Amino acid sequence: MRKFVIILALLAIGVGALVFYLNLDSWTEDRIVTELTTRGVPEPMADCMATRMVERLSPRQLAKLERLRPQDGEADVPVSIAELLERLRRVDDPEVVEVTGSAAAVCAFSI
């Protein structure tokens, strides 16, 4: 009986962790959509990009995208190629830049 209770408790913890993980992905995807639409990306494209980004990037890599936010004195949306490149350098992860760029390109052509 004792083993049964322990197995049941472990199973409950596992199910709880799985539910939390699935909700975390949904929350992360919603947050990305919100950030993209705030920056002027149309909602259908933001939905498409967020799905691809959550699938291909780790939570740590997704957090690096916050470095793209404007700093003091910068416009919400980069106004020049130089400013865009500077923001991309702040991300400091080529895979994050590649996944974000490819998601934008694929989604732009599929919508």
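**Five helices and a shared core**

Colleague: Is Thr28 buried or exposed?
Modeller: This model is predicted. Thr28 lies in helix α1, residues 2-38. Its relative accessible area is 16%. The cut-off for burial is under 20%, so Thr28 counts as buried.

Colleague: Which residues does Thr28 touch, leaving out those up to four places away in sequence?
Modeller: Contact here takes heavy atoms within 4.5 Å. With residues up to four places away in sequence left out, Thr28 touches Val54 and Leu62.

Colleague: How many helices does the protein have?
Modeller: The elements run α-α-α-α-α from the N terminus on. The protein has zero strands. The number of helices is five.

Colleague: What share of the residues is buried?
Modeller: The protein has 111 residues. Its accessible surface comes to about 7900 Å², with 64% belonging to carbon and sulfur atoms. The buried share of the residues is 23%.

Colleague: Among contacts between residues at least 6 apart in sequence, what share joins residues at least 24 apart?
Modeller: One pair separated widely in sequence is Cys107 and Ala46, 61 residues apart. Their C-alpha atoms are 8.4 Å apart. For the contacts you name, the share is 56%.

Colleague: Which residues have the most contacts inside the largest nonpolar core?
Modeller: That core has 18 residues. α1, α2 and α5 each supply at least two of them. The residues with the most contacts inside the core are Ile32, Met49, Met53, Leu57 and Leu62.

Colleague: Which helix gives this core its largest share?
Modeller: The buried residues of α2 are Met45, Ala46, Cys48, Met49, Ala50, Met53 and Val54. The largest share of the core is seven residues. That share comes from α2.

Colleague: Which residues does Ile32 touch, again without those up to four places away in sequence?
Modeller: Ile32 is one of the residues with the most contacts inside the core. Beyond those four places, Ile32 touches Ala50, Met53, Val54 and Leu62.

Colleague: How far apart are the end C-alpha atoms of α2?
Modeller: Helix α2 covers residues 43-56, which makes 14 residues. At 1.5 Å a residue they should span 20 Å. The model agrees, with the ends apart by 20 Å.

Colleague: What does α5 reach from its first C-alpha to its last?
Modeller: α5 has 17 residues. At 1.5 Å a residue, 24 Å is expected. The reach is close to that, at 24 Å.

Colleague: Within what arc do the buried residues of α5 fall?
Modeller: Those residues are Val96, Val99, Thr100, Ala103 and Cys107. Seen down the helix axis, they line one face of α5, because their arc is 95°.

Colleague: Which exposed residues does the face of α5 turned away from its buried side carry?
Modeller: What covers the buried residues of α5 includes α2, α3 and α4. The face turned away carries the exposed residues Pro94, Glu98 and Phe109.

Colleague: Which residues does Cys107 touch, leaving out those up to four places away in sequence?
Modeller: Cys107 is found in helix α5. At 0% relative accessibility, Cys107 counts as buried. Its contacts are Met45, Cys48, Met49 and Arg52.

Colleague: At the start of α5, which backbone nitrogen does a side-chain oxygen of Asp93 reach?
Modeller: Asp93 sits in the loop between α4 and α5. Its side-chain oxygen comes to within 3.1 Å of a backbone nitrogen at the helix start. That nitrogen belongs to Glu95.

Colleague: Which side chain is joined to that of Asp93 by a polar contact of 3.2 Å?
Modeller: Asp93 is buried, with a relative accessible area of 12%. Beyond residues up to four places away in sequence, Asp93 touches Gln61 and Lys64. The polar contact of 3.2 Å is with the side chain of Lys64.

Colleague: What is the phi of Asp92 near?
Modeller: Asp92 is also placed in the loop between α4 and α5. Asp92 is exposed, with a relative accessible area of 60%. Its phi is positive, in a residue other than glycine, and lies near 60°.

Colleague: What distance separates the C-alpha atoms of Val77 and Gly40?
Modeller: Val77 is found in the loop between α3 and α4 and is partly exposed, at 44% relative accessible area. Val77 touches Arg39 and Arg87, not counting residues up to four places away in sequence. Val77 and Gly40 are 37 residues apart along the chain, and their C-alpha atoms are separated by 8.4 Å.

Definitions and conventions
Residues are numbered from 1 along each chain as its sequence is written. This is a predicted model: local features need pLDDT of at least 70, side-chain atom pairs count only at pLDDT 80 or more; totals for chains, interfaces and linings use all residues. Side-chain values use heavy atoms; hydrogens and water are left out. Helices (H or I, at least four residues) and strands (E, at least two) are DSSP runs, numbered from the N terminus. The expected span of a helix is 1.5 Å times one less than its number of residues. Buried means under 20% relative accessible area, exposed over 50%, partly exposed in between (1.4 Å probe, protein chains only). A nonpolar core is a set of buried Ala, Val, Leu, Ile, Met, Phe, Trp, Tyr and Cys residues joined through side-chain atoms within 4.5 Å. The arc is that of the directions from the helix axis to the C-beta atoms. A polar contact is a pair of N or O atoms within 3.5 Å; within protein, one must be able to donate a hydrogen and the other to accept it, and residues adjacent in sequence count only if both atoms are side-chain atoms. Accessible areas come from the Shrake-Rupley method with a 1.4 Å probe; for residues, only the protein chains shown count as cover.
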